[in-house]
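Let's take a walk through this model together. We will begin with one pair of facing residues and build outwards from there.

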Amino acid sequence: MIIRKGLALMRNDTATGLICLCLLSSTLLAADGQSVTANPSPKAEAVKSVRLALPANASPVVNSIGGVFTRQVQQRCEAKVGRDGEAPLTVELAVVAGIGAEACRIEDGQGGGVRISGNDERGLLYGVGKFLRTSRYDKGGFTPGAWRGTSKPKCPVRAVYLATHFMNYYEAAPIEELHQYIEDLGLWGYNTILIHFPTWQFNGLADPAARKWLDRFKVVLSQAHKRGLQVGLLQVPGEGYKNAPREYLGMKVPGNFRGNFGVNLCVSKPESHAHLREIHDAILDEFKDVGLDYFCFWPYDEGGCACKDCWPWGGRGYLSISREMVPRIRSRFPASKIILSTWCFENEDDNNPDGEWDGLTTAVNEDKSWLDYIMADGHDDYFPKFLLDHGVPGRLGLLNFPEISMFGMNPWGGYGANPAPAHFEKLWGRIKHMGAGGAPYSEGVYEDLNKAIYAQFYWDPERKAEETVKEYAAFEFSPDWAADIGEVVRLFERNHNRSAIGSDAVKAFDLVARADAAMMPSARSAWRWRILYLRALIDKEFFERKGKREGETLKAAFEELTRIYHAENAHSMPIKPPQIR
Ligand SMILES: [Zn+2]
């Protein structure tokens, strides 16, 4: 799935291109329940040690959040975080219901300390994230952030979809590194990790390759749960295994955008239908010990049958098999929410040519009790016109599926970080008034900054992408360089198209080189800085060498990116950075 989306782009590599509410008297309350502090705390001093105070009855998740705080501070500066003894600064963590689902509050604590509370465990995680991002790590210790207030997320579904194929980062990274990366995503406001069990790659559940995949990703999802995040599966209800009986195959669907890995099965033939039911039940049983908070149905890229009984797929066969699966999902995971993706419902040339939206509208008008959300998006910049014109069928919550990984660069991430704040602000702007969240499509860590931008859109739909870039830069690199890095990111976006890198690539590199020379060693050597630095270096080299991939500098840069992505054994294209021999 979704794999096809990538392959289509490989062939056609066109460039596309906590806010706050506080009970303190100094805070201005806004009508929507969010507000901004008027008077931040007085400027704090750097400290060499921090006492972290957890509630007496701290749950395993709250303990884990304490661990995230400790790791983050200690890996960024020399200050030590302890849970006992005396320290010049106390940071108190608490869970206190009453400020809204997943909301957080940061306020002055006793004795000049800081108190971070969450309405619930995830709210606490987000409060810790905001506090960490507004603190400093470069004045000989840890300088606590001055931001005070309460903040509540607007969109309930703040998921990220991690693609797990081609030996990409999610398949290849050491598992502890992946657990930490998922923790980091939680700090930015994400609340759900979605993955896909790719049946098309395996000959059934007993296939050793399938077992290997399940052994890894069941642990990854269980660990995400232990860190307070929700997890879900995204599956294609008409997709068979690699060895699916040929007589069950469906009829090819029209167009070239919807994908087909050769195991799209018909859901109307009784034998094929029974076969799929068996497959789905066994997959759901595999995840019983993990527990699923979401299940997302996916229509195409694999999936789809154009036979007379299934077509129009999105308005008929797809709906009937998805709906039939829901009681079996809910019997195993009673609290799970159901998302119906409509990806590629339209053929991207025309508005609802096949009547898929009409079929879906009729179906949910009759009964929508089996669904919680509709997810919609298309290839590249496309968003279904039907939804913009008519709204969401059944007035269900709308989730998007933004493509933050593959747009306009091949190999994906092959040139370092690929931030595109203006691009994403434009795409989000089309639907921010009607969105209940979404799940960016991710192939790796090189789009980490794009993930942060979307996490913050979902938290506060009006947040400017540029503000998130500056907050990211201040946290990951240094507040002193946040404005310069904001400018660098603007230049990166202007030079996104590999065949049109301008002379400002030299300016971007100069800014990055200046920051590099002044930055703390911990920030300078971190992978987030290296992928940004290498992007600037590669762009400058490309400009000066008129696009030629040659020379020791580029060779070393691509090799370092390969190591950072753990892409040594990746599918040569499109995951692995270019190699110069
Ligand atoms: Zn069929």
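A good place to start is leucine 234, which stands opposite cysteine 296 in β12. Keep in mind that the model is a predicted one. The strands involved are β11, covering residues 230–235, and β12, and they pair in the parallel sense over four bridges. To get from one to the other, follow helix α7 (residues 270–286): β11, α7 and β12 make a right-handed β-α-β unit.

Now stay with cysteine 296 and look for its partner in β13, which is isoleucine 339. Strand β13 spans residues 337–341 and runs parallel to β12, with four bridges joining the two. Here too there is a right-handed β-α-β unit, made by β12, helix α8 (residues 317–332) and β13.

With β12 paired to β11 and to β13, where do its side chains go? Tyr294 and Cys296 point one way from the strand, while Phe295 and Phe297 point the other way, and all of them are buried.

Let's finish at a separate spot, lysine 576, in the segment that follows α18 (552–564). This lysine is buried, yet it has no salt bridge. The nearest side chain of opposite charge belongs to glutamate 568 and is 7.5 Å away; a salt bridge would have to lie within 4 Å. The backbone of glutamate 568 is another matter: the side chain of lysine 576 reaches its backbone oxygen at 2.8 Å. Leaving aside residues up to four places away in sequence, lysine 576 touches Pro411, Thr562, Ala567, Glu568, Ala570 and His571.

Conventions. Residues are numbered from 1 along each chain as its sequence is written. This is a predicted model: local features need pLDDT of at least 70, side-chain atom pairs count only at pLDDT 80 or more; totals for chains, interfaces and linings use all residues. Side-chain values use heavy atoms; hydrogens and water are left out. Buried means under 20% relative accessible area, exposed over 50%, partly exposed in between (1.4 Å probe, protein chains only). Lys and Arg count as positive and Asp and Glu as negative; His and the chain ends are not counted. A polar contact is a pair of N or O atoms within 3.5 Å; within protein, one must be able to donate a hydrogen and the other to accept it, and residues adjacent in sequence count only if both atoms are side-chain atoms. Contact means heavy atoms within 4.5 Å. Two strands pair if DSSP finds at least two bridges between them. A crossover is right-handed if, with the strands pointing away from the viewer, the path from the first strand over the helix to the second runs clockwise.
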